[in-house]
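Reader: I've got a structure open in front of me and no clue how to read it. Could you walk me through it, starting with charged side chains?

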Amino acid sequence: MTADETSGWIEGKIHHFPLRIYYQDTDVSGIVYHAQYLHFFERARTEFLRVLGISQKTLDRDKPETYAAFAVRDLSMDFRRPAQLDDRLIIKTTLRQLKGVSCTLEQQVWREYTLLVRAQIRLVFLSVDLRPRRVPEHMHRLFQAILVDDHSTAE
């Protein structure tokens with residue numbers, strides 16, 4: 001599991017993605033606008049995949065047997081404390097559940113030792129024709145290696 005320093009790192013089975021808050025991320029009060037967290041989580045999930053060796057750029061639509069798009073099926077967010085301009089944050093991503101056509105991730109935003117935001121996100125794997133499909137075997141093996149709380153069942 002390798003990637004460059006901008007992709008973050010895996011410690012134990014948790015991916016850590018560093019992020020700094022810029023002016024564009026905040027509202028007039030200097031606090032991160034709530035919708036920005038969706039962008040942060042998406043960026044962290046992309047780098048999580050990259051560190052695992054899965055580049056979304058290489059998910060080739062011309063190879064239906066290995067192609068899998070990821071779509072958010074549902075998510076919930078718990079806002080505990082605000083992030084502010086210039087904060088240095090870590091987004092932690094943990095794979096909590098892996099099923100036949102979906103997986104559940106927990107993502108958390110931390111400022112040093114303080115949890116700011118927590119999200120539970122269920123992703124569905126889609127085929128080239130945008131129908132749910134089982135996760136391709138090569139991805140399943142990578143995900144299985146970092147699964148924290150396996151409640152695997154077929155969907």
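Author: Sure! Glu-106 forms a salt bridge with Arg-96, and their closest N and O atoms are 2.9 Å apart. Before we go on: this is a predicted model, where local features need pLDDT of at least 70, side-chain atom pairs count only at pLDDT 80 or more, and totals for chains, interfaces and linings use all residues. Residues are numbered from 1 along each chain as its sequence is written, and side-chain values use heavy atoms, with hydrogens and water left out.

Reader: What counts as a salt bridge?

Author: The general idea is that side chains of opposite charge can pair when their charged atoms come close. The rule here asks for a side-chain nitrogen of Lys or Arg within 4 Å of a carboxyl oxygen of Asp or Glu. By that rule, the count is nine salt bridges.

Reader: Where do Glu-106 and Arg-96 lie?

Author: Glu-106 is in strand E5 and Arg-96 in strand E4, so this pair ties together parts that are ten residues apart in sequence. Labels like these are DSSP runs numbered from the N terminus: helices are H or I with at least four residues, strands are E with at least two.

Reader: Is Glu-106 buried or exposed?

Author: Buried, at a relative accessible area of 7%. The cut-offs are under 20% for buried, over 50% for exposed, and partly exposed in between, using a 1.4 Å probe and protein chains only. Arg-96 comes out at 27%, so it counts as partly exposed.

Reader: Which other residue forms a salt bridge with Glu-106?

Author: Arg-118, with the closest N and O atoms 3.0 Å apart. Arg-118 sits in strand E6, twelve residues from Glu-106, and is partly exposed at 30%. Through shared partners, Arg-96, Glu-106 and Arg-118 join into one network.

Reader: Cool. How are the strands arranged in the sheet?

Author: Strands count as paired if DSSP finds at least two bridges between them. Here six strands make an open sheet, in the order E1-E2-E4-E5-E6-E3, with antiparallel pairing. At the edges are E1 (9-11) and E3 (69-79), each pairing on one side only. Ten bridges join E5 (residues 102-111) to E6 (residues 114-126). For instance, Thr-104 has Arg-122 in E6 as its bridge partner.

Reader: Which strands does helix H1 touch?

Author: Contact means heavy atoms within 4.5 Å. Helix H1 (residues 36-52) packs on the sheet and touches E1, E2, E3, E4, E5 and E6. Its direction makes about 130 degrees with that of E2. For such angles, axes are lines fitted to C-alpha atoms, for helices over the stretch in contact, and the values run from 0 to 180 degrees between N-to-C directions. H1 also holds a salt bridge of its own: Glu-47 with Arg-50, 2.8 Å between the closest N and O atoms. Those two are three residues apart, about one turn of the helix. Glu-47 is buried at 11%, while Arg-50 is partly exposed at 34%.

Reader: Which residues of helix H2 are buried?

Author: Met-139, Phe-143 and Ile-146. Looking down the H2 axis, they fall within an arc of 60 degrees, so they line one face of the helix; that arc is taken from the directions from the helix axis to the C-beta atoms. They pack against H1, E3, E4 and E6. On the other side of H2, Glu-137 and Arg-141 are exposed. As for placement, H2 (residues 137-146) lies across E3, E4 and E6, running at about 110 degrees to E4.
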